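Biologist: I'm new to this one and would like to learn how to read it. Could you walk me through it, feature by feature?

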Amino acid sequence: MSGGHTRAEADRLSPMNPWALGLDLGTTAVKAVLIDPDGHPVSSSKRPSPLSEDAARGLSEIPLGPFLRAASGALAEVLRKAPRGIPLHLGLSSQRSTVV
């Protein structure tokens, strides 16, 4: 590696790191996970999705503000255990037939 750093040191010092971050925006929960370069989960977090139901109209929905707070809280908890830098990879899963 240039500058006399080993690969591990370069990865640690880089603003991007080879770790992966996963976020699942589900109907019952928002889940986040941090995966190391070898594919092992390092930390995870789960927050309930704020489901709002209107039985009279037969509707169920998740209000955007509380949903985003649940997502950002789960991500913040997982990233506290991340090495320095921003994970290089992001996996995102969402509820089907939904616009977020």
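## Strands, core and salt bridges

Modeller: Let's start with a strand pair: S2 (residues 29-35) runs antiparallel to S3, with seven bridges between them. Keep in mind that this is a predicted model.

Biologist: Which residue in S3 stands opposite Ala32?

Modeller: That's Ser45. Between the two strands of this hairpin sit five residues, and Gly39 has a positive phi near 90° there.

Biologist: What should I know about side chains when I look along a strand?

Modeller: The general idea is that in a regular strand they alternate between the two faces of the sheet. For a case here, try Ala32: setting aside neighbours within four places in sequence, its contacts include Leu23, Ser45, Ala74 and Val78.

Biologist: And how do I read a nonpolar core?

Modeller: In soluble globular proteins, nonpolar side chains tend to be buried together. Here, the largest nonpolar core has 15 residues, and the ones touching the most other members are Leu23, Leu25, Val30, Ala32 and Leu34.

Biologist: Which elements give two or more residues to this core?

Modeller: Strand S1 (16-25), S2 and H2 do. H2 gives the most, with six residues.

Biologist: Next, salt bridges. How many does the structure hold?

Modeller: Two. The idea is to look for a side-chain nitrogen of Lys or Arg within 4 Å of a carboxyl oxygen of Asp or Glu. Glu77 and Arg47 make one of them, at 2.8 Å from N to O. Since Glu77 belongs to helix H2 (residues 64-79) and Arg47 to strand S3 (residues 41-48), the pair ties together parts that are 30 residues apart in sequence.

Biologist: What about Asp24: which residue does Asp24 bridge to?

Modeller: Lys31, with the closest N and O atoms 3.3 Å apart.

Biologist: Are those two buried, exposed or partly exposed?

Modeller: Asp24 counts as partly exposed because its relative accessibility is 23%, and Lys31 is partly exposed too, at 34%.

Biologist: Let's finish with a polar residue in a loop. Where is Ser49 found?

Modeller: Look in the loop between S3 and strand S4 (52-54). To judge burial, check the relative accessible area: under 20% is buried. Ser49 has 10%, so Ser49 is buried.

Biologist: What does the Ser49 side chain reach?

Modeller: The backbone oxygen of Gly26, at 2.7 Å. Leaving out neighbours within four places in sequence, Ser49 also has Thr27, Thr28, Ile62 and Phe67 among its contacts.

How values were computed:
Residues numbered from 1 in each chain as written. Predicted model: local features only at pLDDT ≥ 70, side-chain atom pairs only at ≥ 80, totals over all residues. Heavy atoms only, no water. Buried < 20%, exposed > 50% of the residue type's maximum accessible area, 1.4 Å probe, protein only. Helix = DSSP H or I, 4+ residues; strand = E, 2+ residues; numbered from the N terminus. Pairing = 2+ DSSP bridges. Polar contact = N/O pair within 3.5 Å; in protein donor to acceptor, adjacent residues only side chain to side chain. Contact = heavy atoms within 4.5 Å. Core = buried A, V, L, I, M, F, W, Y, C linked by side-chain atoms within 4.5 Å.
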